[in-house]
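Dear colleague,

I am passing the structure on to you below, and my notes on what was found in it follow directly after. Please read the two side by side.

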Number of protein chains: 2
Amino acid sequence: VVDGALAVDRPGVEVVLVGPVDLAQRLLAARGAAGRFEVVPASSAVGMDEDPVRAVRARPDTTVSVCARLVRDGAVDAMVSIGATGATLAAAVLTLGRLPGVARPPLAVVVPALAGPLVLLDSGATVAATPALLGQYALAGSAYATVVLGIDAPRVGLLTNGEEPGKGDPLRRDAAGVLAGLPVRFVGSVEGRDVPCGGVADVVVTDGFTGNVLLKGLEGAARMLGEVLAARLGRDAPHLLPVVADATAHLQPEVLGGGMLLGVRGVVVVGHGASGPQAVARCVVEAAQAAEQSLVPRLADALDALQAPA
Amino acid sequence: VVDGALAVDRPGVEVVLVGPVDLAQRLLAARGAAGRFEVVPASSAVGMDEDPVRAVRARPDTTVSVCARLVRDGAVDAMVSIGATGATLAAAVLTLGRLPGVARPPLAVVVPALAGPLVLLDSGATVAATPALLGQYALAGSAYATVVLGIDAPRVGLLTNGEEPGKGDPLRRDAAGVLAGLPVRFVGSVEGRDVPCGGVADVVVTDGFTGNVLLKGLEGAARMLGEVLAARLGRDAPHLLPVVADATAHLQPEVLGGGMLLGVRGVVVVGHGASGPQAVARCVVEAAQAAEQSLVPRLADALDALQAPA
């Protein structure tokens with residue numbers, strides 16, 4: 001995280017570190033960057049093996065809660081958390097509150113698909129979904145695509161295991177009915193390949209379990225193909241290795257960045273748990289851009305407009 | 001399908017076409033291959049919009065049922081069906097019957113992962129799973145990996161959205177307990193990236209909905225990266241385009257082939273609905289190899305051994 005903060009290269013972005021002050025100072029000093037960032041103390045982190053909601057409620061001094069209070073109080077414009085999805089979600093909801101109509105804020109990731117960028121959500125905030133929740137994701141994702149991708153009436157697709165009517169599990173079959181009744185441009189079912197290939201939908205709606213598995217699968221496919229190609233091209237055309245690395249990075253955290261938590265009253269980005277410094281820096285820039293673009297009020301307006309009776 | 005049959009290039013494999021005889025003869029004649037294959041008549045197909053079980057029960061002359069009877073009666077050694085997963089599953093179960101301990105036969109796909117091939121199942125036979133069913137997939141997948149990959153004690157992983165204990169939806173959390181109690185080498189949770197990257201598990205167990213979405217996602221990622229790289233390399237190094245095409249084919253139907261329906265009393269391969277001729281031919285070769293390797297009796301023996309009390 002400290003290396004990531006140091007890797008942020010964008011004018012006007014000021015990073016505040018939140019965590020154990022001694023450790024942060026030591027890591028900064030070791031990098032010749034003593035005093036570069038303000039460090040706000042937070043003495044406790046939510047462990048991966050804890051119940052996140054319980055931990056966040058029980059200990060007000062966890063990093064995620066301290067971050068969320070800085071956002072709530074206007075001391076910072078956005079927060080970034082790396083990997084601790086459940087804890088970040090809990091702290092954001094409890095401290096910042098939710099926008100109307102979003103019972104469980106989904107994580108939205110902008111995927112640079114072949115045919116153009118699209119929004120995939122939920123990428124892992126809530127593993128168990130309901131048809132009503134998938135409907136909320138459709139509304140929030142549609143509003144987000146309008147704000148970040150500048151698409152007026154984004155096409156919304158429901159991720160299933162086949163495009164024919166009748167395909168999908170019971171959740172998808174019921175959700176299709178819900179989505180068809182919403183004031184979004186519902187284009188029906190889309191399949192796994194439509195997420196990296198694009199061209200069918202601007203917003204792809206799914207539960208957080210499937211979204212997370214798919215996104216990590218795409219990341220792995222890019223890594224696999226990158227290594228296979230590097231091994232083969234390395235002999236004949238080593239000068240092309242950067243081209244391969246650049247192309248495969250599109251589906252990896254360094255370019256994908258983090259997920260935007262949609263529907264909380266503040267800009268909250270959750271980075272990939274395996275983020276390296278470049279991926280952390282990408283999350284910071286993503287958060288800064290969202291704050292600059294007034295994401296939260298614009299999302300609130302867009303959600304209002306979508307939810308208002310026609 | 002006819003082009004796929006003509007593309008089969010493997011000594012000793014004899015293809016029998018099943019379907020409307022007039023159409024098959026016309027297509028063969030148009031390709032200068034009149035009389036090349038025996039054509040067994042089947043006057044009806046199961047439509048994508050039909051309930052597959054009902055259609056298969058109601059009409060004994062559908063292509064999938066005729067195929068399954070040829071397998072059952074020993075007239076052919078294996079069957080291949082392209083895309084009609086539900087109908088093929090129904091015909092296979094109703095006509096061939098199941099092996100003990102497999103309530104719902106899963107589709108198993110061999111993924112040529114970076115660290116070595118692995119078995120992913122269920123890739124789409126049954127969308128809704130239970131912990132007990134995922135346990136059956138673990139047993140069947142473990143037995144299949146032993147037969148097709150020659151691995152003595154395959155590592156079995158459960159696909160979830162995070163490797164930490166407590167991650168996963170309720171189905172995964174309950175299934176982890178079931179898998180831990182089975183006589184397989186359960187290695188715990190694996191993530192989406194572990195399927196293309198490999199190295200963590202030889203068998204990856206998931207429900208048919210998630211497996212299908214993930215597999216199609218990998219296919220799409222390969223297509224996306226293939227096109228991005230082709231566009232960039234096409235200018236500077238057009239001679240390397242075949243290298244890119246070859247590498248990306250690994251995650252596409254032409255190399256992946258079809259899914260093997262595990263736990264029915266016959267060799268049944270289900271190909272990707274979007275299969276081209278090369279993918280169809282790959283499915284035929286896969287089916288022929290399984291028959292040559294005595295897959296069904298060996299799988300039955302391996303399942304027996306796994307299910308026998310220690």
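In what follows, buried means under 20% relative accessible area, exposed over 50%, and partly exposed in between, computed with a 1.4 Å probe on protein chains only, while helices (H or I, at least four residues) and strands (E, at least two) are DSSP runs numbered from the N terminus. This is a predicted model, in which local features need pLDDT of at least 70 and side-chain atom pairs count only at pLDDT 80 or more, whereas totals for chains, interfaces and linings use all residues. Residues are numbered from 1 along each chain as its sequence is written, chains are lettered from A and ligands numbered from 1 in the order in which they are written, and side-chain values use heavy atoms, with hydrogens and water left out.

In chain A, helix H10 (residues 241-249) has Val244(A), Ala247(A), Thr248(A) and Ala249(A) buried. Their cover includes helices H9 (208-236) and H11 (253-256) of chain A, and also helix H9 (208-236) of chain B.

When the copies are superposed by least squares on the C-alpha atoms of residues with pLDDT of at least 70 in both, a turn of 180 degrees with a shift of 0.0 Å along the axis lays chain A on chain B with an RMSD of 0.0 Å. That is the relation of a two-fold axis. The C-alpha of chain A nearest this axis belongs to Leu214(A), at 2.6 Å.

Counting a disulfide as a pair of cysteine sulfur atoms within 2.5 Å, the structure holds zero over all chains. The sulfur of Cys283(A) is 13 Å from the closest cysteine sulfur, that of Cys67(A), which is too far for a bond.

With kind regards

Definitions and conventions. Contact = heavy atoms within 4.5 Å.
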